[in-house]
Amino acid sequence: MGGIGSFAYVVGDAEGRPEDIPGFEDLWRAVSPDTAFAAMGTGTYRKMTGPLVPYVVDCVAKVLSTHGVRAGEVDRLVLATSDAVLGLLGRDVAVEVMRAAGLTACVPAIVSLQQCCSSLEALRYAWGLAGADARNVVLVALDFTPDDRDRVKSFALFGDAVAGCLISRDHGGLTLAGTGLAADFSGMVGQDTFASRQAVARAALDQAFRQAGRAPGDVTKIFTSSLFAPIVSFNAMAAGQARELLHFQGPMTRYGHCGNADWLINLMDHTDKSGPERGALYLAQASAPGFFACALLEAE
């Protein structure tokens with residue numbers, strides 16, 4: 001088995017500021033009436049100004065170019081997106097992406113219905129495919145928000161992005177050592193509590209560490225959802241994680257919360273600055289109402 005590598009991302013081509021969103025002050029007061037927005041840590045967000053498919057195709061091309069993999073050598077294409085975006089994609093989105101990217105020899109699939117945790121489940125699925133009957137699998141996580149007014153939430157300011165990677169038998173990279181996914185139905189219906197959010201996070205993390213035969217103290221860096229800074233800190237405390245291990249602030253400040261693409265963007269932002277860390281154990285994770293997902297990635 002090779003590994004997970006050739007990471008790439010494409011953010012929306014237009015940069016916006018929160019105050020540029022029509023009615024921003026009223027929108028923010030409606031979702032978080034007692035909190036100053038400046039304390040949240042978001043400076044700008046990115047917006048797609050054109051159709052989705054060209055952004056996906058651009059990301060796929062960047063993923064394949066790292067190792068010179070030809071489009072015709074890709075066996076599987078796995079797309080991942082959040083629930084709200086799934087209905088916006090159109091039934092022919094896979095065909096459109098495959099035609100434009102030249103991926104005419106592969107089998108497509110879409111993983112969704114787990115909010116911002118979808119791409120971590122897609123990673124587990126793609127890893128299994130590469131270990132079975134596929135030599136090259138391209139994973140693409142995408143999320144976007146067509147109406148700027150829908151970007152303003154109590155937990156994040158949404159941005160648009162596509163991020164991806166190659167899972168290949170022929171090329172080295174990170175190894176998927178363990179994964180975890182847990183659900184809390186009370187959270188899905190908006191009735192979760194601190195205790196239930198803590199329980200779902202710890203259940204998923206326990207799964208991943210048990211599979212990997214590793215301990216939380218082995219983790220070098222954590223790539224998490226790019227939510228508002230105080231919320232990320234609160235979630236880390238609930239999960240028993242050290243705040244200094246989290247890497248999200250820079251991308252969140254520049255791009256906003258890019259849904260299920262966040263952990264990929266945050267991983268790339270870290271490794272682009274520090275370079276590969278031989279022997280490192282990374283924890284990729286995502287949280288969403290009713291869900292928590294994570295993956296342990298070992299560097300060669």
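Here are some notes on the charged pairs, one buried aspartate and the empty spaces in this predicted model.

1. Salt bridges overall. The count comes to 13 salt bridges in the structure. Three of the pairs get a point of their own below, followed by a network.

2. Aspartate 26 and arginine 29. This is a local pair: both residues belong to helix 1 (residues 24-31), where they are 3 residues apart, or about one turn of the helix. Their closest N and O atoms are 2.4 Å apart, and the pair is listed as a salt bridge. Arginine 29 has a relative accessible area of 45%, which makes it partly exposed.

3. Arginine 135 and aspartate 170. Here the closest N and O atoms of the salt bridge are 2.7 Å apart. Arginine 135 sits in the loop between helix 5 (118-130) and strand 6 (136-143), while aspartate 170 sits in the loop between strand 7 (161-168) and strand 8 (175-183), so this bridge ties together parts that are 35 residues apart in sequence. Arginine 135 is partly exposed, at 39% relative accessible area. Aspartate 170 also counts as partly exposed, with a relative accessibility of 45%.

4. Glutamate 298 and arginine 214. The two side chains meet in a salt bridge with an N to O distance of 2.8 Å. What does this pair tie together? Glutamate 298 is part of strand 12 (residues 291-298), and arginine 214 is in the loop between helix 7 (194-212) and strand 9 (221-223), so the link is between parts 84 residues apart in sequence. On accessibility, glutamate 298 comes out partly exposed at 24%. Arginine 214 has a relative accessible area of 28% and is partly exposed.

5. A network. Lys47, Asp148, Arg151 and Asp160 are joined into one network by salt bridges that share partners.

6. Aspartate 184. You may want to look at this residue, which lies in the loop between strand 8 and helix 6 (185-188). Aspartate 184 is buried but has no salt bridge. Which side chain of opposite charge is nearest, and how far away is it? That would be arginine 197, at 7.5 Å, whereas a salt bridge needs the nitrogen and oxygen within 4 Å. What the aspartate 184 side chain does have is a polar contact of 3.0 Å with the side chain of serine 196. Leaving out residues up to four places away in sequence, aspartate 184 touches Asp192, Ser196, Val200 and Gly290.

7. The cavity. With the threshold set at 30 Å³ or more, the structure holds 1 cavity. The volume of the largest cavity is about 80 Å³. Its lining includes polar names such as Thr224, Ser225, Asn235, Gln241, Gln285 and Ser287, along with Leu227, Val232, Ala236, Leu246, Ala286 and Phe292. Helix 8 (229-239) and strand 11 (281-288) each give at least two residues to that lining.

8. The pocket. The largest pocket has a volume of about 900 Å³. Its lining is made up of 39 residues, and those nearest the centre of the pocket are Phe155, Leu227, Ser287, Ala288 and Pro289. Which elements give two or more residues to this lining? They are helix 3 (83-86), helix 6, helix 7, helix 8, strand 11 and strand 12. Leu227 and Ser287 are worth picking out on screen: they are among the residues lining the largest cavity, and they are also among those nearest the centre of the largest pocket.

Terms used:
Residues are numbered from 1 along each chain as its sequence is written. This is a predicted model: local features need pLDDT of at least 70, side-chain atom pairs count only at pLDDT 80 or more; totals for chains, interfaces and linings use all residues. Side-chain values use heavy atoms; hydrogens and water are left out. Helices (H or I, at least four residues) and strands (E, at least two) are DSSP runs, numbered from the N terminus. Buried means under 20% relative accessible area, exposed over 50%, partly exposed in between (1.4 Å probe, protein chains only). Lys and Arg count as positive and Asp and Glu as negative; His and the chain ends are not counted. A polar contact is a pair of N or O atoms within 3.5 Å; within protein, one must be able to donate a hydrogen and the other to accept it, and residues adjacent in sequence count only if both atoms are side-chain atoms. Contact means heavy atoms within 4.5 Å. On a 1 Å grid over the protein atoms alone, a cavity is a set of points where a 1.4 Å probe fits but cannot get out, and a pocket is an open set with protein on both sides within 12 Å along at least five of seven lines; lining residues have an atom within 4 Å of a point. Grid points are joined across faces, edges and corners, and a volume is the space filled by probe spheres set on the points.
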